[in-house]
Amino acid sequence: MNFSAKEVKKDFPIFKDSNLVYLDNAATTQKPQAVLDAVESLYKEANANVHRALYSLGSDATERFENSRKKVANFIGAPSKEIIFTSGTTESINLLARTLGDTLNSGDEILISEMEHHSNIVPWQMAAKRTGASLKYIPITESGELELENADFNIKTKIVSLTHMSNVLGTINPIEELSKRAHEVGAIMIVDGAQGVPHMAVNVKDLGCDFYAFSGHKMLAPTGIGVLWGKTEHLEEMDPFMGGGEMIDIVSMESSTWNEIPYKFEAGTPNFAQAVGLGAAIDYLEKIGMDEIQNHEKVITQYAYNALNQIGGLKIYGSAKERGGVISFNVDGIHPYDLAQFLNEDNIAIRVGHHCAQPLLKTLGETATARMSFYIYNDELDVDKFCASLETIKGYF
Ligand code: C6P
């Protein structure tokens with residue numbers, strides 16, 4: 001089948017009868033009808049609490065929920081018991097920082113990078129503060145790539161946590177190589193896949209990492225659902241993150257024992273309707289094919305690059321060889337906040353600001369940038385409309 005972003009767009013009600021140009025997909029993606037239908041059907045036909053209700057509605061809901069777990073597992077090449085449902089990447093990383101992070105000692109090191117999102121910085125700062133461990137950063141090059149020759153992997157490094165793709169620079173990091181380097185010094189390798197899994201085929205076994213975290217809402221699914229994948233051997237050994245219903249085996253007045261994985265890490269009623277939505281999103285993405293999606297994003301990003309370069313007076317941040325569909329830039333003489341407001345008048349949505357990556361912005365010498373980010377429904381026409389609007393706005397200044 002020939003991929004057509006124009007055809008894909010028809011599956012998304014938000015674009016119906018609208019001139020919306022949505023270029024903020026790194027923040028969140030729009031939802032196709034198939035995902036909305038799956039969630040609605042769950043609520044209309046099978047709404048009961050999962051893993052608790054013995055009546056038919058309950059088993060139907062549980063089946064749909066667990067079926068989604070299987071889809072997620074299959075999507076990233078892992079067994080189902082290694083898929084923990086969380087509310088998103090942020091919760092997934094906090095889970096790790098509160099469990100693995102709390103096993104660290106003074107003198108241990110956590111290695112992250114200068115291009116991380118706050119979700120992959122702040123939980124580790126907090127863990128370091130609690131335990132006395134130190135937080136180290138891999139610097140980045142002028143082109144916005146990790147400076148691997150100055151990456152301080154050493155015997156004190158216990159946890160390495162790096163983004164698969166930067167939400168500001170678009171850089172795709174060499175996770176396989178980084179996993180090897182982490183394992184050579186005996187460290188655990190965690191990947192922040194918030195911008196990875198939605199945009200490329202991911203097989204966690206091939207990546208060689210120990211944990212991989214991502215968010216459903218950045219890959220067509222509802223908000224409030226995310227995933228933490230972890231290797232069985234680690235998950236079995238780790239203490240739970242939160243206590244409550246479902247994560248236990250036996251509870252007495254004095255103490256409790258834990259359920260098996262993954263349930264040990266899913267305290268309380270999970271976001272099961274959203275998880276079902278994630279399953280439908282995966283079906284939708286698989287029908288197109290992740291390689292097709294990555295290829296489309298490459299083409300549209302290159303098209304946007306060329307178009308932006310023609311406009312002139314722009315500074316683009318990041319020129320990594322391996323990159324995805326994110327372009328951050330600033331326009332001479334126009335503050336990014338003003339730019340966003342003027343674009344909004346033409347119904348064009350981009351993100352401006354620090355993109356929850358203040359340390360990176362500081363390295364870039366900026367406090368804010370404008371950012372366009374693409375997904376499966378963006379086409380050349382979106383870029384053309386954006387450029388035309390930008391030319392007009394430049395005329396005002
Ligand atoms: N970045 C952006 O506009 P949550 O909020 O938990 O779904 O995802 C957090 C997160 C973690 N890592 C990376 C690399 C991310 O890009 C994000 C979310 C959005 O760039 C919202 S701040």
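1. In this predicted model, seven strands make up an open sheet of mixed pairing, arranged in the order 2-8-7-6-5-3-4. The edge positions fall to strand 2 (83-86) and strand 4 (134-138); each has a single partner strand, so one side of each is left without a neighbour in the sheet. On average, and with direction ignored, neighbouring strands of this sheet are turned by 20° against each other.

2. At the strand 2 edge, the pairing with strand 8 (residues 226-230) is antiparallel and extends over four bridges. Within this pairing, Ile83 has Trp229 of strand 8 as its bridge partner.

3. Helix 4 (residues 89-99) packs against this part of the sheet: the helix lies across strand 2, strand 6 (188-192), strand 7 (211-215) and strand 8. Relative to strand 7, helix 4 runs at about 150°.

4. The ligand has 17 residues around it, and those that come nearest are Thr90, Asp192, Ser215, His217 and Arg351. By class, this shell comprises four nonpolar, nine polar and four charged residues.

5. Several polar approaches to the ligand deserve inspection. The side chain of Arg351 places an N or O atom 2.5 Å from an oxygen atom of the ligand. Nitrogen atoms of the ligand are also approached: a polar side-chain atom of Lys218 lies 3.0 Å from one, and for His117 the corresponding distance from a polar side-chain atom to a ligand nitrogen is 3.4 Å. The ligand taken alone exposes 500 Å², of which the protein buries 88%.

6. A separate strand pair is formed by strand 9 (residues 248-251) and strand 10 (residues 256-258), which run antiparallel and share two bridges. The two strands form a hairpin, with four residues between them. Ile248 has Trp258 in strand 10 as its bridge partner.

7. Two backbone features should be checked by eye. The peptide bond from Ile261 to Pro262 is cis, its omega being near 5°; Pro262 belongs to the loop between strand 10 and helix 9 (272-288). Leu220, although not a glycine, has a positive phi of about 80°. Leu220 is found in the loop that connects strand 7 and strand 8.

Note on methods:
Residues numbered from 1 in each chain as written. Predicted model: local features only at pLDDT ≥ 70, side-chain atom pairs only at ≥ 80, totals over all residues. Heavy atoms only, no water. Pairing = 2+ DSSP bridges. Axes fitted to C-alpha atoms, helices over the stretch in contact; angles between N-to-C directions. Contact = heavy atoms within 4.5 Å. Near = heavy atom within 4 Å. Polar contact = N/O pair within 3.5 Å; in protein donor to acceptor, adjacent residues only side chain to side chain. Areas by Shrake-Rupley, 256 points an atom, 1.4 Å probe, with all protein chains shown as cover. Nonpolar A, V, L, I, M, F, W, Y, C, P; charged D, E, K, R; others polar.
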